[in-house]
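Work through these exercises with the model open beside you. Try each task before you read its solution.

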Amino acid sequence: MVEKSDIRVVRCGGSKINFRPPIISHDSRFVLCVSGDSVKVYSTRTEEWLHNLQGHNNQVTGIAFNPANQLQVYSCSADGTVKLWDFIDGILIKTFVIGYPLYSLYVSEKHEGVIFLIVSMGTESNNESFQLVAVHLPKSAEQEVEAKELSTVASKISPNPSCTTFGRGGEFIAFSRLLQLNVYFFRKQKTYSFSLKATDKKAAKNAFTCIACHPTDDCIASGHEDGKIRLWRNFNHKKEYTYSTKHWHHDAVNHLCFTPEGSNLLSGGIESVLVQWQYGDMSKKEFLPRLGGSISHVSASADGQLFCTAHSDNKISIIESSFKVSGLIQGLVRGDAVSTDLMIDPRSKALVLNGKPGHLQFYSLLRDKHLYNLDIVQQEYIYEAGLDQFEVVKAVFDVKGSWLATVEERGQKTSDLEFFLKLWAFDETTQSFVLNTTVTEAHSERITSMCFSSSDETTMLVTTAQDGQFKAWCQTADAQQAQNYWSCDFVGSYHNLKPKNCCFSADGSILAVSFQEVLTLWSPESWELLTTLCQPPGEIRDLCFGRLSCSKYLLSTTTKNLLCCWNLLTCALEWSTSVDVSRLQSDPLSENVAAFSFESKHTDLFVFKPSEPRPLFSQRNVCSEKVDRAVFVPREEPFNSCDESCQWLNRSQLYFLTQNMDLLTFSSATEEDRMLSSSKRLLIDESVAVTPFYLLLGKHRKQQHKLNTETQAPADKPPHTQGSAAIKQLLHTPAHVLPAASVLCSMFVRSLLISNSGVREEMDSSEQEMDSEKEEEESEEEMEACDGHQELRAQGSVDEQKPKLSKAQERELKRLRKTDFSWMTCLVDSKP
């Protein structure tokens, strides 16, 4: 068994962007949000993803701008480190090692060189162990330094970052937990606590859900589970505190945020409505409805021009101060559960799964961008708890991506069950799928599985249902409508057993259908039952054919925790092993098969070939949840890894979905190094003082010196590209670090001109050409004579090839012809 720690689980592509509140840059040009192991930087104008701040080894749990520098941002992670970034250029400036898992990050203008973190001193599930600590950041020239000076500010606080905030620029910090509000004053070093009853006279829940402090006044706004908002005042006197109550939200208030000038209070909840309360008169409100999913976070820019709301459907809305939505940043939509499998669209190579209610979403993992939604149900969704509505439960593509089959159903009980089978055709004009056929009574009971034929020659769909039948659907021409529609071609069954799984072989010549504990093999051409395989005890849970050289093998898993491999040539059991496989997934581009096993509250991964029972790769404790959805995503460019344990990642990348709706994948250290090396980074010489002017001109001077030391370019190619390096640096360097335009003007103009050396070389070459023309005219008669002699020689020896002279030799010969040898006559005459 091979186990390699070089491969680790990462959150790459499709990560949550609503995990923490997004932050907006001071000039309102950029919005930064936490996304898995990195921080994403988006443009507020174009909504495009610009770059990632990558460097953490675990989930990023908090971000905050550096109060001393508006162009820098802090990030904290569960890996126990705090990193300082230049977020515009994506450069990592410094790493501070804390040593404890970090859950949130706070900064204050009045606490220079100090950051505040929520850390856990015990287990993650124990809320009593969360503490708010102040960390003094050491000043060091090293890029990675340990921050050992920690001081506890408060204990037993909530891990929810919305329940802790600074007040009046950092004079005090407020934090709430359950039914208690606490205010800690730094100058007095004293904490005041205020409590509420669990329920009031109307049995409303008073537990705190979020708090926000006014930027200038001594006022704390708190949100509660019953939807009320309370404004606390005089909290610096424990006996004289007061609060007023406002109520609009019908459910819990998820987040509160004051505008920078403090004139308005923003609130959001499950209603998907952003409410703006006027601070002086809370009876005056302004609403922005229909924002999509429920609002989980609200934030405002420092200049008050933009607001941002993070939603439960993994979306960020960019809102102008005039309460108008100006942009949307949509991530991978995450609902409560995914009913369909993880699929790859053969055409767009996009990840396809459940999205908005009644929709399928197409998401590009390469660009980490939401492409579009496909409305399957085509009915208005009503946001009401407990209401039965149609949901997409199954979907599958054919090999070419020309057809999409979906199943939608409504009703939990069999008596109330309604479902439809729909076939969608890809339209080249609209570049989307169009409904072709709707089957209202495909089966009499719930459909359990379906699959398209893997053959390129025929398009066939097979469905299995709890009514004990499996059906094959094919296209039929309609002469009246001049188009093809789908109809049932064959109905099969086996001894009144209920089929659960179906799967086609790699070439489409065999169809495997599982009937409880029996495997049946059918011929799609004649629909003849070829053979049956007696499965070991246990109902068959999953089926999977081998690929390429292992196409003769059929894999199956059972409810009795058995993984079996059948040889279809001998119809015998090749091997079997005892393992509880929750998901079996084959790679379409290789022989590799991935098996996820859930045991002892954690999931393990095994990668193997059906021809060998020994795993190629195994990794323990991939995640703490059960994995039911996984898919191999083909790479655009194969990744050539020399390590044997990493070769299964060369052609495809394995993604899997946890029960907590986290999309994870596997990455090797060599692959991460290659991604970092290919990303744009500025290389700085440590021996030279670093300035913005040096970053701009240092490389250009080195390249100019290198060009001067090398051999000169040929005369026919003047060096027009000598200033390209400087021009490229000038165009790609951010404007805020550029020198004045007057300083750059002369250098920029000189880079566009041809150097004197190039002109001199052109003049010398032209003079040489004129001299050579004169020489050719003077020695024309001599050349004719020589040509005559050469012709005689050529006639005497036919096989002998005429020697060819190079340009340098011809130039030397011309120079020798021009040389005056008259001085040799004197020597001849003087000879005795």
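The exercises go from the whole chain to single strands, sheets and residues.

This is a predicted model, in which local features need pLDDT of at least 70 and side-chain atom pairs count only at pLDDT 80 or more, while totals for chains, interfaces and linings use all residues. Residues are numbered from 1 along each chain as its sequence is written, and side-chain values use heavy atoms, with hydrogens and water left out.

**Exercise 1. The whole chain**

Task: Describe the protein chain in numbers.

Solution:
- Step 1. Take the secondary structure. The protein chain has 8 helices and 57 strands. Helices (H or I, at least four residues) and strands (E, at least two) are DSSP runs, numbered from the N terminus.
- Step 2. Take burial. Of the 832 residues in the protein chain, 48% are buried. Buried means under 20% relative accessible area, exposed over 50%, and partly exposed in between (1.4 Å probe, protein chains only).
- Step 3. Take the contacts between residues at least 6 apart in sequence. In the protein chain, 44% of them join residues at least 24 apart. A contact means heavy atoms within 4.5 Å.
- Step 4. Take the surface. The protein chain exposes about 43,000 Å², and carbon and sulfur atoms supply 49% of it. Accessible areas come from the Shrake-Rupley method with a 1.4 Å probe; for residues, only the protein chains shown count as cover.

**Exercise 2. Strand 11**

Task: Explain why strand 11 is largely enclosed by the rest of the structure.

Solution:
- Step 1. Count. Strand 11 spans residues 114–120, and 7 of its 7 residues are buried, so the rest of the structure largely encloses it.
- Step 2. Sort the side chains. V114, F116, I118 and S120 point one way. I115, L117 and V119 point the other way, and all are buried.
- Step 3. Find the partners. Two strands pair if DSSP finds at least two bridges between them. Strand 10 (residues 102–106) pairs with strand 11 in the antiparallel sense over 4 bridges. Strand 12 (residues 130–136) also pairs with strand 11 in the antiparallel sense, over 7 bridges.
- Step 4. Look at V119. L102 stands opposite V119, and in strand 12 the bridge partner of V119 is Q131.

**Exercise 3. Two open sheets**

Task: Which strands stand at the edges of the sheet 15-16-17-18, and which are the edge strands of the sheet 51-52-53-54?

Solution:
- Step 1. Recall the rule. Strands of a sheet pair through backbone hydrogen bonds, either parallel or antiparallel.
- Step 2. Read the 15-16-17-18 sheet. This open sheet of 4 strands has antiparallel pairing. Strand 15 (164–167) and strand 18 (190–195) stand at the edges with a single partner strand each, so one side of each lacks a neighbour in the sheet.
- Step 3. Check a pair. Strand 17 (residues 180–185) and strand 18 share 6 bridges in the antiparallel sense. Y184 has T191 as its bridge partner in strand 18.
- Step 4. Read the 51-52-53-54 sheet. This is an open sheet of 4 strands with antiparallel pairing. Its edge strands are strand 51 (581–586) and strand 54 (617–623), and each pairs on one side only.

**Exercise 4. Single residues**

Task: Is Q389 buried or exposed? Which residues does Q389 touch?

Solution:
- Step 1. Locate Q389. It sits in the loop between strand 34 (369–375) and strand 35 (391–397).
- Step 2. Classify Q389. Its relative accessible area is 13%, so Q389 is buried.
- Step 3. List the contacts. Not counting residues up to four places away in sequence, Q389 touches E380, Y381, I382, E409 and R410.
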